[in-house]
Amino acid sequence: MQSTITLPISTIQHDFEAVISDVQEGIIPDDSFWVSFYKSGEPSVHGKVHLTLDEENRDLVRFEGRGGVVFEHRGGRDYYVACPTLSVPETRVVVPSRQYSDPLPRLASDQIYAFDVAPDGSQFAAGYENGTVMIVPTTSRLPPSAHTTSKPHLNTITSLRFFPSSRVLLTSGVDFAVNILPAEIPSSAQSLTPKRITPVRSLKGHSRAVTSTAVISRGRNVLSSGKDGTLRLWDVPSGSQIRSMGVSGYSPVLAMCAGERAEGAFAQPPNGEEKNAPVPLDDREVDTADKMVFCALQDGSFEVFDLGTKLSVFHSKPPKGSTSLSSIAYSPSASLLATGSSTGVINVYDTRAMDAPLATFSRNSASIEDLVFLSAQGGSVSLVVGTDDGLPYIADVRPEGPAVHAELVGPDCDAVRCVRVGAQAGEVWTAGDDGIVRQYEGAGI
(Lines give C-alpha, C1' and ligand atoms only; values in the text may rest on other atoms or scores of the structure.)
Protein backbone atom coordinates (compact mmCIF):
# COMPACT_ATOMS: atom_id res chain seq x y z
CA MET A 1 0.00 0.00 0.00
CA GLN A 2 1.27 3.48 -0.93
CA SER A 3 2.46 5.37 2.15
CA THR A 4 1.28 8.95 2.62
CA ILE A 5 3.97 11.60 2.28
CA THR A 6 3.55 14.53 4.66
CA LEU A 7 4.30 17.89 3.06
CA PRO A 8 5.14 20.97 5.15
CA ILE A 9 3.09 24.17 5.40
CA SER A 10 4.80 27.56 5.19
CA THR A 11 2.75 30.63 6.14
CA ILE A 12 3.61 34.29 6.20
CA GLN A 13 1.93 37.45 7.45
CA HIS A 14 -0.45 38.25 4.59
CA ASP A 15 0.44 41.97 4.51
CA PHE A 16 4.22 41.46 4.75
CA GLU A 17 4.77 43.44 1.55
CA ALA A 18 3.24 46.51 3.23
CA VAL A 19 5.72 46.12 6.09
CA ILE A 20 8.60 45.96 3.58
CA SER A 21 7.26 49.05 1.79
CA ASP A 22 7.04 51.07 5.03
CA VAL A 23 10.69 50.39 5.82
CA GLN A 24 11.85 50.86 2.23
CA GLU A 25 10.16 54.26 1.98
CA GLY A 26 11.62 55.39 5.30
CA ILE A 27 8.25 55.70 7.04
CA ILE A 28 9.69 53.65 9.89
CA PRO A 29 13.36 52.70 10.45
CA ASP A 30 12.75 49.03 11.14
CA ASP A 31 9.93 46.54 11.60
CA SER A 32 9.18 42.82 11.48
CA PHE A 33 6.64 40.32 10.18
CA TRP A 34 5.96 36.73 11.20
CA VAL A 35 6.66 33.48 9.34
CA SER A 36 5.44 30.07 10.57
CA PHE A 37 6.09 26.49 9.52
CA TYR A 38 4.05 23.37 10.27
CA LYS A 39 4.56 19.69 9.62
CA SER A 40 2.19 17.06 10.93
CA GLY A 41 3.64 15.14 13.88
CA GLU A 42 6.41 17.68 14.54
CA PRO A 43 6.57 20.85 16.66
CA SER A 44 5.67 23.96 14.68
CA VAL A 45 8.18 26.78 14.21
CA HIS A 46 7.14 30.42 14.65
CA GLY A 47 9.69 33.08 13.89
CA LYS A 48 10.00 36.64 12.71
CA VAL A 49 11.83 38.44 9.93
CA HIS A 50 13.37 41.72 11.10
CA LEU A 51 13.76 44.50 8.51
CA THR A 52 16.14 47.43 8.58
CA LEU A 53 17.16 50.01 6.02
CA ASP A 54 20.83 49.76 5.03
CA GLU A 55 22.92 52.55 6.59
CA GLU A 56 24.76 53.37 3.35
CA ASN A 57 22.39 52.29 0.57
CA ARG A 58 19.04 53.75 1.56
CA ASP A 59 17.34 51.84 -1.24
CA LEU A 60 18.37 48.50 0.25
CA VAL A 61 16.31 46.67 2.89
CA ARG A 62 18.14 44.04 4.90
CA PHE A 63 16.27 40.98 6.21
CA GLU A 64 17.21 38.91 9.26
CA GLY A 65 15.32 35.73 10.03
CA ARG A 66 14.86 35.02 13.74
CA GLY A 67 13.45 32.06 15.64
CA GLY A 68 14.52 29.41 13.14
CA VAL A 69 13.12 30.98 9.95
CA VAL A 70 14.89 32.01 6.75
CA PHE A 71 13.60 34.70 4.38
CA GLU A 72 15.05 35.82 1.06
CA HIS A 73 13.95 38.61 -1.30
CA ARG A 74 15.32 38.07 -4.80
CA GLY A 75 14.01 41.28 -6.29
CA GLY A 76 10.62 42.43 -7.50
CA ARG A 77 7.95 40.27 -5.91
CA ASP A 78 10.11 37.15 -5.75
CA TYR A 79 10.17 35.86 -2.14
CA TYR A 80 11.37 32.60 -0.58
CA VAL A 81 11.17 31.12 2.92
CA ALA A 82 12.83 28.09 4.54
CA CYS A 83 13.03 26.33 7.89
CA PRO A 84 16.09 24.15 8.55
CA THR A 85 14.61 22.80 11.81
CA LEU A 86 11.74 21.11 9.97
CA SER A 87 13.84 20.42 6.86
CA VAL A 88 11.66 22.75 4.83
CA PRO A 89 13.69 23.71 1.74
CA GLU A 90 13.51 27.08 -0.01
CA THR A 91 9.85 27.57 -0.84
CA ARG A 92 8.48 30.35 -2.97
CA VAL A 93 5.70 32.49 -1.48
CA VAL A 94 3.58 34.08 -4.21
CA VAL A 95 1.52 37.20 -3.61
CA PRO A 96 -1.50 38.10 -5.76
CA SER A 97 -0.75 40.31 -8.76
CA ARG A 98 -4.34 41.52 -8.62
CA GLN A 99 -7.31 41.16 -6.26
CA TYR A 100 -10.95 41.66 -7.18
CA SER A 101 -13.24 42.59 -4.31
CA ASP A 102 -15.09 45.45 -6.03
CA PRO A 103 -17.55 45.33 -7.82
CA LEU A 104 -18.20 41.88 -6.38
CA PRO A 105 -21.56 42.01 -4.58
CA ARG A 106 -22.17 42.74 -0.93
CA LEU A 107 -24.63 39.97 -0.20
CA ALA A 108 -25.89 38.37 3.00
CA SER A 109 -23.10 35.89 2.32
CA ASP A 110 -20.13 37.04 0.22
CA GLN A 111 -18.73 33.52 -0.05
CA ILE A 112 -17.86 32.43 -3.58
CA TYR A 113 -19.03 28.86 -4.11
CA ALA A 114 -18.17 28.51 -7.81
CA PHE A 115 -15.71 30.27 -10.10
CA ASP A 116 -14.19 30.15 -13.57
CA VAL A 117 -11.98 32.33 -15.72
CA ALA A 118 -12.57 32.66 -19.48
CA PRO A 119 -10.09 30.75 -21.69
CA ASP A 120 -8.96 34.03 -23.30
CA GLY A 121 -8.52 35.66 -19.87
CA SER A 122 -10.91 38.51 -20.70
CA GLN A 123 -13.33 37.92 -17.81
CA PHE A 124 -14.21 35.70 -14.87
CA ALA A 125 -17.43 34.46 -13.31
CA ALA A 126 -18.25 34.03 -9.60
CA GLY A 127 -21.26 32.19 -8.14
CA TYR A 128 -22.91 32.80 -4.77
CA GLU A 129 -25.16 31.15 -2.19
CA ASN A 130 -28.33 32.99 -3.25
CA GLY A 131 -28.08 31.77 -6.86
CA THR A 132 -26.46 34.92 -8.22
CA VAL A 133 -23.73 34.81 -10.87
CA MET A 134 -21.51 37.81 -11.55
CA ILE A 135 -19.37 38.06 -14.71
CA VAL A 136 -16.53 40.59 -14.41
CA PRO A 137 -14.19 41.81 -17.19
CA THR A 138 -10.49 41.70 -16.33
CA THR A 139 -9.51 44.50 -18.69
CA SER A 140 -8.58 47.83 -17.11
CA ARG A 141 -10.15 49.83 -19.95
CA LEU A 142 -13.64 49.24 -18.55
CA PRO A 143 -14.91 50.79 -15.28
CA PRO A 144 -15.90 48.64 -12.26
CA SER A 145 -19.57 49.05 -13.24
CA ALA A 146 -18.94 47.08 -16.44
CA HIS A 147 -20.04 43.76 -15.00
CA THR A 148 -22.88 41.40 -15.78
CA THR A 149 -25.21 39.81 -13.25
CA SER A 150 -27.74 37.01 -13.41
CA LYS A 151 -29.76 34.87 -11.04
CA PRO A 152 -30.08 31.63 -13.01
CA HIS A 153 -30.65 29.43 -9.94
CA LEU A 154 -32.90 29.49 -6.89
CA ASN A 155 -30.00 29.01 -4.48
CA THR A 156 -26.32 28.03 -4.24
CA ILE A 157 -24.28 27.96 -7.46
CA THR A 158 -22.21 24.78 -7.56
CA SER A 159 -20.30 25.02 -10.85
CA LEU A 160 -19.33 27.58 -13.49
CA ARG A 161 -17.63 26.73 -16.80
CA PHE A 162 -16.93 29.04 -19.72
CA PHE A 163 -17.30 27.64 -23.22
CA PRO A 164 -14.13 27.75 -25.38
CA SER A 165 -15.44 30.92 -27.04
CA SER A 166 -15.18 32.72 -23.65
CA ARG A 167 -18.59 34.30 -24.40
CA VAL A 168 -20.95 31.61 -23.11
CA LEU A 169 -21.17 30.32 -19.52
CA LEU A 170 -22.43 26.97 -18.20
CA THR A 171 -23.88 27.09 -14.66
CA SER A 172 -25.31 24.59 -12.19
CA GLY A 173 -26.91 24.74 -8.76
CA VAL A 174 -28.35 22.82 -5.87
CA ASP A 175 -31.80 23.45 -7.43
CA PHE A 176 -31.19 20.39 -9.72
CA ALA A 177 -30.76 22.63 -12.81
CA VAL A 178 -28.10 23.36 -15.41
CA ASN A 179 -28.28 26.66 -17.31
CA ILE A 180 -26.49 28.34 -20.19
CA LEU A 181 -25.89 32.10 -20.05
CA PRO A 182 -24.69 34.56 -22.70
CA ALA A 183 -21.45 36.18 -21.52
CA GLU A 184 -20.59 38.95 -23.98
CA ILE A 185 -18.33 41.65 -22.54
CA PRO A 186 -20.20 44.98 -22.30
CA SER A 187 -19.03 47.75 -24.62
CA SER A 188 -17.79 51.03 -23.19
CA ALA A 189 -21.17 52.61 -23.94
CA GLN A 190 -22.97 49.84 -22.01
CA SER A 191 -20.64 49.89 -19.02
CA LEU A 192 -22.16 52.69 -16.96
CA THR A 193 -24.66 50.38 -15.30
CA PRO A 194 -24.45 46.62 -14.58
CA LYS A 195 -26.01 44.47 -17.29
CA ARG A 196 -28.53 41.78 -16.31
CA ILE A 197 -28.92 38.58 -18.31
CA THR A 198 -31.15 35.49 -18.27
CA PRO A 199 -30.45 31.91 -19.35
CA VAL A 200 -30.80 31.00 -23.02
CA ARG A 201 -31.10 27.29 -22.18
CA SER A 202 -32.21 25.37 -19.08
CA LEU A 203 -31.27 21.68 -18.84
CA LYS A 204 -33.36 19.73 -16.38
CA GLY A 205 -33.22 16.06 -15.46
CA HIS A 206 -31.28 15.65 -12.22
CA SER A 207 -33.31 14.66 -9.15
CA ARG A 208 -30.80 16.05 -6.62
CA ALA A 209 -28.25 18.87 -6.51
CA VAL A 210 -25.96 19.21 -9.53
CA THR A 211 -22.34 19.23 -8.37
CA SER A 212 -20.13 19.65 -11.46
CA THR A 213 -20.24 20.49 -15.14
CA ALA A 214 -17.95 20.17 -18.15
CA VAL A 215 -17.99 21.48 -21.70
CA ILE A 216 -17.17 18.96 -24.42
CA SER A 217 -14.95 20.22 -27.25
CA ARG A 218 -16.40 23.45 -28.70
CA GLY A 219 -19.61 23.16 -26.68
CA ARG A 220 -22.20 21.37 -28.78
CA ASN A 221 -22.46 18.92 -25.87
CA VAL A 222 -22.06 19.48 -22.13
CA LEU A 223 -21.88 17.18 -19.11
CA SER A 224 -23.30 17.42 -15.61
CA SER A 225 -23.00 15.27 -12.49
CA GLY A 226 -25.12 15.22 -9.39
CA LYS A 227 -25.84 13.87 -5.96
CA ASP A 228 -28.44 11.62 -7.59
CA GLY A 229 -25.49 9.43 -8.63
CA THR A 230 -25.81 10.18 -12.32
CA LEU A 231 -23.69 11.65 -15.07
CA ARG A 232 -25.73 13.30 -17.85
CA LEU A 233 -24.80 14.23 -21.41
CA TRP A 234 -26.76 17.10 -22.97
CA ASP A 235 -27.38 18.48 -26.44
CA VAL A 236 -27.00 22.27 -26.21
CA PRO A 237 -28.91 23.38 -29.36
CA SER A 238 -32.09 21.53 -28.37
CA GLY A 239 -31.61 21.61 -24.59
CA SER A 240 -32.37 17.88 -24.46
CA GLN A 241 -30.69 15.05 -22.59
CA ILE A 242 -28.79 12.58 -24.74
CA ARG A 243 -27.88 10.01 -22.11
CA SER A 244 -27.91 9.42 -18.36
CA MET A 245 -25.21 7.17 -16.86
CA GLY A 246 -25.43 5.92 -13.29
CA VAL A 247 -22.28 5.43 -11.23
CA SER A 248 -21.80 2.25 -9.21
CA GLY A 249 -24.40 2.05 -6.45
CA TYR A 250 -25.62 5.52 -7.46
CA SER A 251 -23.24 7.03 -4.92
CA PRO A 252 -23.49 10.85 -5.00
CA VAL A 253 -21.00 12.36 -7.44
CA LEU A 254 -19.26 15.22 -5.60
CA ALA A 255 -16.89 16.32 -8.39
CA MET A 256 -16.34 15.52 -12.05
CA CYS A 257 -13.91 16.35 -14.85
CA ALA A 258 -13.50 15.27 -18.47
CA GLY A 259 -10.88 15.26 -21.21
CA GLU A 260 -9.43 13.40 -24.16
CA ARG A 261 -8.30 9.82 -23.68
CA ALA A 262 -4.57 9.80 -22.97
CA GLU A 263 -2.46 7.52 -25.13
CA GLY A 264 -2.41 4.02 -23.69
CA ALA A 265 -5.03 4.77 -21.03
CA PHE A 266 -7.88 2.34 -20.37
CA ALA A 267 -6.99 0.28 -23.43
CA GLN A 268 -8.38 -2.89 -21.85
CA PRO A 269 -11.91 -3.52 -20.50
CA PRO A 270 -12.22 -3.45 -16.70
CA ASN A 271 -10.96 -6.73 -15.18
CA GLY A 272 -10.26 -7.94 -18.72
CA GLU A 273 -13.94 -8.54 -19.46
CA GLU A 274 -16.65 -6.64 -21.27
CA LYS A 275 -19.43 -5.83 -18.81
CA ASN A 276 -21.99 -4.34 -21.19
CA ALA A 277 -22.37 -3.65 -24.87
CA PRO A 278 -21.24 -0.17 -25.95
CA VAL A 279 -24.01 2.34 -26.61
CA PRO A 280 -24.03 3.61 -30.23
CA LEU A 281 -23.28 7.31 -30.68
CA ASP A 282 -26.30 9.56 -30.88
CA ASP A 283 -26.60 11.87 -33.90
CA ARG A 284 -26.55 14.81 -31.50
CA GLU A 285 -23.12 13.91 -30.14
CA VAL A 286 -20.10 15.88 -31.34
CA ASP A 287 -16.50 14.94 -30.43
CA THR A 288 -17.49 12.59 -27.61
CA ALA A 289 -15.93 9.37 -28.99
CA ASP A 290 -12.44 10.04 -27.59
CA LYS A 291 -13.46 11.59 -24.26
CA MET A 292 -13.13 10.18 -20.74
CA VAL A 293 -15.10 11.30 -17.70
CA PHE A 294 -13.81 11.01 -14.11
CA CYS A 295 -16.23 11.04 -11.17
CA ALA A 296 -15.27 11.60 -7.52
CA LEU A 297 -17.79 9.81 -5.31
CA GLN A 298 -19.11 10.34 -1.82
CA ASP A 299 -18.16 6.78 -0.81
CA GLY A 300 -14.48 7.69 -1.28
CA SER A 301 -13.98 5.92 -4.60
CA PHE A 302 -13.77 7.27 -8.12
CA GLU A 303 -15.18 5.93 -11.36
CA VAL A 304 -14.11 6.48 -14.96
CA PHE A 305 -16.46 6.43 -17.96
CA ASP A 306 -15.68 6.16 -21.65
CA LEU A 307 -17.98 8.84 -23.08
CA GLY A 308 -17.85 7.26 -26.52
CA THR A 309 -19.20 3.87 -25.38
CA LYS A 310 -20.99 5.22 -22.26
CA LEU A 311 -19.40 2.37 -20.28
CA SER A 312 -17.60 2.42 -16.94
CA VAL A 313 -13.99 1.45 -17.62
CA PHE A 314 -12.56 1.75 -14.09
CA HIS A 315 -13.86 1.92 -10.53
CA SER A 316 -11.48 2.25 -7.60
CA LYS A 317 -12.04 0.53 -4.30
CA PRO A 318 -13.55 2.73 -1.57
CA PRO A 319 -11.01 3.43 1.20
CA LYS A 320 -11.47 2.22 4.75
CA GLY A 321 -12.99 4.75 7.11
CA SER A 322 -15.44 7.57 6.59
CA THR A 323 -14.00 9.79 3.88
CA SER A 324 -15.32 11.11 0.59
CA LEU A 325 -13.61 12.40 -2.53
CA SER A 326 -14.22 16.13 -2.74
CA SER A 327 -12.23 17.00 -5.86
CA ILE A 328 -10.73 15.47 -9.00
CA ALA A 329 -8.48 16.69 -11.84
CA TYR A 330 -7.22 15.17 -15.09
CA SER A 331 -4.31 16.02 -17.41
CA PRO A 332 -4.56 14.16 -20.75
CA SER A 333 -1.18 15.48 -21.94
CA ALA A 334 0.58 14.17 -18.83
CA SER A 335 -1.58 11.03 -18.46
CA LEU A 336 -2.22 11.98 -14.84
CA LEU A 337 -5.28 11.89 -12.62
CA ALA A 338 -5.47 13.46 -9.14
CA THR A 339 -8.09 13.01 -6.45
CA GLY A 340 -8.52 15.01 -3.25
CA SER A 341 -10.39 13.80 -0.18
CA SER A 342 -12.45 15.44 2.55
CA THR A 343 -9.68 14.45 4.99
CA GLY A 344 -6.87 16.21 3.13
CA VAL A 345 -5.31 13.30 1.21
CA ILE A 346 -4.27 13.69 -2.45
CA ASN A 347 -3.61 10.70 -4.70
CA VAL A 348 -1.93 11.03 -8.10
CA TYR A 349 -2.38 8.24 -10.68
CA ASP A 350 -0.88 7.38 -14.04
CA THR A 351 -3.94 6.73 -16.22
CA ARG A 352 -2.02 4.03 -18.11
CA ALA A 353 -1.59 1.98 -14.91
CA MET A 354 -4.36 2.62 -12.39
CA ASP A 355 -3.77 -0.25 -9.99
CA ALA A 356 -2.04 1.96 -7.43
CA PRO A 357 -1.31 5.68 -7.12
CA LEU A 358 2.04 7.09 -8.17
CA ALA A 359 2.07 9.21 -5.03
CA THR A 360 -0.08 9.88 -1.97
CA PHE A 361 0.45 13.05 0.02
CA SER A 362 -1.16 15.32 2.57
CA ARG A 363 -0.41 18.45 4.62
CA ASN A 364 -3.14 18.21 7.25
CA SER A 365 -6.72 16.99 7.56
CA ALA A 366 -8.35 20.02 5.87
CA SER A 367 -10.62 19.07 2.98
CA ILE A 368 -9.22 19.37 -0.54
CA GLU A 369 -11.79 21.69 -2.13
CA ASP A 370 -10.43 21.90 -5.69
CA LEU A 371 -7.58 20.65 -7.86
CA VAL A 372 -6.21 21.64 -11.28
CA PHE A 373 -3.09 20.54 -13.15
CA LEU A 374 -0.54 23.14 -14.24
CA SER A 375 2.04 22.26 -16.90
CA ALA A 376 5.28 24.19 -17.39
CA GLN A 377 8.10 24.23 -19.90
CA GLY A 378 10.42 21.25 -19.85
CA GLY A 379 7.68 18.73 -19.13
CA SER A 380 7.27 19.48 -15.44
CA VAL A 381 3.75 19.12 -14.04
CA SER A 382 2.34 20.70 -10.90
CA LEU A 383 -0.96 20.56 -9.09
CA VAL A 384 -2.75 23.65 -7.79
CA VAL A 385 -4.57 22.81 -4.56
CA GLY A 386 -7.48 24.71 -2.97
CA THR A 387 -8.11 23.83 0.69
CA ASP A 388 -10.71 24.32 3.38
CA ASP A 389 -8.11 25.79 5.76
CA GLY A 390 -7.39 28.75 3.46
CA LEU A 391 -3.81 27.67 2.66
CA PRO A 392 -3.75 27.10 -1.11
CA TYR A 393 -0.51 25.90 -2.66
CA ILE A 394 1.14 24.44 -5.74
CA ALA A 395 2.64 20.95 -5.49
CA ASP A 396 5.23 19.57 -7.91
CA VAL A 397 4.30 16.08 -9.09
CA ARG A 398 6.60 15.49 -12.08
CA PRO A 399 9.45 14.93 -12.77
CA GLU A 400 10.18 14.99 -9.04
CA GLY A 401 7.64 15.10 -6.29
CA PRO A 402 5.49 15.43 -4.48
CA ALA A 403 6.93 18.63 -3.05
CA VAL A 404 5.63 22.11 -2.31
CA HIS A 405 6.45 24.31 -5.31
CA ALA A 406 4.87 27.51 -3.97
CA GLU A 407 2.57 28.86 -1.25
CA LEU A 408 -0.21 31.16 -2.49
CA VAL A 409 -0.47 34.10 -0.07
CA GLY A 410 -3.71 35.99 0.47
CA PRO A 411 -6.60 34.20 2.18
CA ASP A 412 -6.61 34.75 5.93
CA CYS A 413 -7.84 31.33 7.10
CA ASP A 414 -10.85 31.55 4.74
CA ALA A 415 -11.52 28.41 2.71
CA VAL A 416 -10.41 28.46 -0.94
CA ARG A 417 -13.20 26.69 -2.82
CA CYS A 418 -12.02 27.13 -6.41
CA VAL A 419 -8.67 27.16 -8.22
CA ARG A 420 -8.13 27.73 -11.94
CA VAL A 421 -5.23 28.00 -14.37
CA GLY A 422 -5.26 31.19 -16.44
CA ALA A 423 -4.45 31.98 -20.05
CA GLN A 424 -0.86 33.10 -19.37
CA ALA A 425 2.03 30.80 -18.51
CA GLY A 426 2.03 29.88 -14.82
CA GLU A 427 -1.05 32.01 -14.08
CA VAL A 428 -3.30 30.83 -11.24
CA TRP A 429 -6.64 32.14 -9.92
CA THR A 430 -8.34 31.44 -6.58
CA ALA A 431 -11.72 32.27 -5.03
CA GLY A 432 -13.48 31.28 -1.82
CA ASP A 433 -15.15 32.17 1.43
CA ASP A 434 -13.73 35.69 1.82
CA GLY A 435 -15.45 36.74 -1.41
CA ILE A 436 -12.21 37.91 -3.04
CA VAL A 437 -10.93 36.70 -6.42
CA ARG A 438 -7.13 36.58 -6.60
CA GLN A 439 -4.91 36.39 -9.66
CA TYR A 440 -1.34 35.12 -9.32
CA GLU A 441 0.83 35.80 -12.36
CA GLY A 442 3.72 33.43 -12.94
CA ALA A 443 2.90 31.37 -9.84
CA GLY A 444 3.65 28.07 -11.53
CA ILE A 445 6.90 29.09 -13.19
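How many bridges join S28 to S29, and in which sense do the strands run? Select these two strands and you will find 5 bridges between them, with the strands running antiparallel. Before moving on, note that this is a predicted model, where local features need pLDDT of at least 70, side-chain atom pairs count only at pLDDT 80 or more, and totals for chains, interfaces and linings use all residues. Residues are numbered from 1 along each chain as its sequence is written, and side-chain values use heavy atoms, with hydrogens and water left out.

**Stop 1: the sheet around S28 and S29**

Strands here are DSSP runs of E with at least two residues, and helices are runs of H or I with at least four residues, numbered from the N terminus. Two strands pair if DSSP finds at least two bridges between them. Strands of a sheet pair through backbone hydrogen bonds, either parallel or antiparallel.

Now select S1, S30, S29, S28 and S27, in that order: these 5 strands form an open sheet with mixed pairing. Strand S1 (4-6) and strand S27 (325-331) stand at the edges; each has a single partner strand, so one side of each is left without a neighbour in the sheet. From one strand to the next, the twist averages 20 degrees. For such angles, axes are lines fitted to C-alpha atoms (for helices, over the stretch in contact), and the angle between N-to-C directions runs from 0 to 180 degrees.

Walk across the sheet one pair at a time:

- S27 and strand S28 (residues 336-341) are antiparallel and share 6 bridges; Ala-329 has Ala-338 in S28 as its bridge partner.
- Between S28 and S29, pick Thr-339, whose bridge partner in S29 is Asn-347.
- S29 and strand S30 (residues 359-362) pair in the antiparallel sense over 4 bridges; here Val-345 has Ser-362 in S30 as its partner.

Next, click on Gly-344. This glycine takes a positive phi near 90 degrees in the hairpin of S28 and S29, which has 3 residues between the strands. Then show the surface around strand S29 (residues 345-350): 5 of its 6 residues are buried, where buried means under 20% relative accessible area, exposed means over 50%, and partly exposed lies in between (1.4 Å probe, protein chains only).

**Stop 2: a sheet with a helix on it**

Go to the strands S2, S3, S4 and S5. They make an open sheet of 4 strands in the order S2-S3-S4-S5, with antiparallel pairing. Its edge strands, S2 (9-12) and S5 (61-66), each pair on one side only. Neighbouring strands of this sheet are turned by 20 degrees against each other on average, direction ignored. Add helix H1 (residues 16-24), which packs on the sheet and touches S2, S3, strand S4 (42-53) and S5; contact means heavy atoms within 4.5 Å. The direction of H1 makes about 155 degrees with that of S3.

Zoom in on S2 and strand S3 (residues 30-39), which are joined by 4 bridges. Thr-11 has Ser-36 in S3 as its bridge partner.

**Stop 3: aromatic rings**

Rings of Phe, Tyr and Trp (its six-membered ring) pair if their centres lie within 6.5 Å; planes under 30 degrees apart count as stacked, over 60 as edge-to-face and the rest as tilted. The count by this rule is 15 aromatic pairs. Select Tyr-100 and Phe-124 for an edge-to-face example, 4.9 Å centre to centre with 70 degrees between the planes. Tyr-100 is in strand S9 (residues 98-100) and Phe-124 in strand S11 (residues 123-128), 24 residues apart. Is Phe-124 buried or exposed? Phe-124 is buried, at 0% relative accessibility, and Tyr-100 is buried too, at 4%.

For a cluster, display Phe-16, Phe-33, Phe-63, Phe-71 and Tyr-79 together.

**Stop 4: two cysteines and a valine**

Finally, select Cys-257 and Cys-295. A disulfide is a pair of cysteine sulfur atoms within 2.5 Å, and the whole structure has 0 disulfides. Why is Cys-257 not bonded to Cys-295? Their sulfurs are 8.4 Å apart, too far for a bond. Both cysteines are buried, Cys-257 at 12% relative accessibility and Cys-295 at 0%.

End at Val-253, in strand S23 (residues 253-260). This valine is buried, with a relative accessible area of 0%, and its contacts include Cys-295, Ala-296 and Leu-297.

Notes: Lists of a residue's contacts leave out its neighbours within four places in sequence.
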